[in-house]
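Here are my notes on the model you sent over. Have it open while you read, and go through the points in order.

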Amino acid sequence: MHKVYITGIAGFIGFHLAEKLAMDGYEVEGVDNFNDYYDPQLKHDRANILKDKFGIKIVDYDIEIIPWAHYLEGYDAVIHLAAHAGVRHSLENPQMYIDTNITATQRLIHACEHYEIPVIYASSSTADSDHLNPYAWSKYVNEKQFETSKLLSSGLRFYTVYGEYGRPDMALHTFADLMSQGKEIDIYNEGDMQRDFTYVGDLVDGIEIILEYMLNQPQENQHEIYDLGTGKSNELMDYIECLEDELGRVSLKNYLPMHPADVKSTQANIGKAQSLGYSPKVSIQEGIKHFADWFKGMYI
Ligand SMILES: NC(=O)c1ccc[n+]([C@@H]2O[C@H](COP(=O)([O-])OP(=O)(O)OC[C@H]3O[C@@H](n4cnc5c(N)ncnc54)[C@H](O)[C@@H]3O)[C@@H](O)[C@H]2O)c1
């Protein structure tokens, strides 16, 4: 049985990944500091599910100071997801992005080099953009940190990930929240935006495929970057319409110009991940239904 350590395990993606790996027979443990960038109760809810259903041990620690020597020995892989993850928030608080996303990542690299543990880490579609905000450049720096390390590592560029237990600071959750209160939703660039919206179930399947590939064919000191999206770009307005259908509400729309931290469209190039067997399947209609069912049970 392979042992995998996940940072940011109580986060949106960490939670779904831990659940999937535990169901598939991995021994999983992880760390999260349950910070209040968004409601920590949601992080505790996710952590409690992982503990109750699978007996997963989660330590409440900040990765900027965690004594890795007590935690990492004997692991087959680390999946590094802990980060400050808000594009707009990063413009106001760049230092946090340097401390956690860059400095703490370097500490983790150092520890993993010591124990010779391969690492999968979360990068972002934004790392490849021309308009680098502090969040985006922290992810760009991560790719350079791992590229120049002594580790076997894979950087995964995620696109707009959504699904149940999703992040309250992301568009889908914010829209659902405002729509259910009958309030206006802000729509940037007059709605002319396209995104590679990725359902979290497809995403964690992809992470597991890359993990298995790395565990089965270990090569020293190799660094790869993979795009993990759907390979398709959907209209923001179609995404909103699916949500309206699922919540049974029509949204009040406040159209705004382009936000300076945003890009107009994103689309993953998934060929490299597909060559390992990655095959995203969930449409936005289906994925938003999963999200809305959860949201209604939780908040309405
Ligand atoms: N969700 C997306 O659409 C998306 C897109 C691109 C990249 N990513 C990346 O994927 C990763 C996971 O994202 P997510 O959507 O699950 O976000 P999330 O905020 O839900 O999860 C991150 C978790 O890391 C924890 N964390 C943050 N700083 C920490 C610290 N110093 N010490 C310990 N724990 C800390 C947080 O408490 C949180 O639970 C992040 O690295 C993010 O940048 C996400």
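1. The core to look at is an open sheet of seven strands, in the order 3-2-1-4-5-6-11, with parallel pairing. Strands pair if DSSP finds at least two bridges between them. Strands (E, at least two residues) and helices (H or I, at least four) are DSSP runs, numbered from the N terminus. At the edges sit strand 3 (57-60) and strand 11 (223-228), each pairing on one side only. From one strand to the next, the twist averages 20°.

2. Keep in mind that this is a predicted model: local features need pLDDT of at least 70, side-chain atom pairs count only at pLDDT 80 or more, and totals for chains, interfaces and linings use all residues. Residues are numbered from 1 along each chain as its sequence is written.

3. On one edge, strand 6 (residues 153-158) pairs with strand 11 in the parallel sense over six bridges. Phe158 stands opposite Leu228 in strand 11. Helix 7 (residues 200-216) packs on the sheet, touching strand 4, strand 5, strand 6 and strand 11. Contact here means C-beta atoms, placed from the backbone, within 7 Å. The direction of helix 7 makes about 165° with that of strand 6; such angles run from 0 to 180 degrees between N-to-C directions, with axes fitted to C-alpha atoms (for helices, over the stretch in contact).

4. Now the ligand. Which residues come nearest to it? Of the 28 around it, they are Gly8, Gly11, Ala83, Ala122 and Phe158, where "around" means a C-beta atom, placed from the backbone, within 6 Å. Helix 1 (12-23), strand 2 (27-32), helix 4 (94-115), strand 5 (119-124) and strand 7 (160-162) each supply at least two shell residues. Helix 1 gives the largest share, three residues. The shell divides into 14 nonpolar, nine polar and five charged residues. Ala, Val, Leu, Ile, Met, Phe, Trp, Tyr, Cys and Pro count as nonpolar, Asp, Glu, Lys and Arg as charged, and the others, Gly among them, as polar.

5. Last, a helix pair. The axes of helix 6 (residues 171-180) and helix 8 (residues 236-247) come within 11 Å and cross at roughly 45°, so the two helices are oblique to each other. (Under 35 degrees is roughly parallel, over 145 roughly antiparallel, 65 to 115 roughly perpendicular, and the rest oblique.) Leu172, Phe175, Ala176, Met179 and Ser180 in helix 6 meet Ile240, Leu243 and Leu247 in helix 8. That contact has seven nonpolar residues, one polar and no charged.

Terms used:
Contact = placed C-beta atoms within 7 Å.
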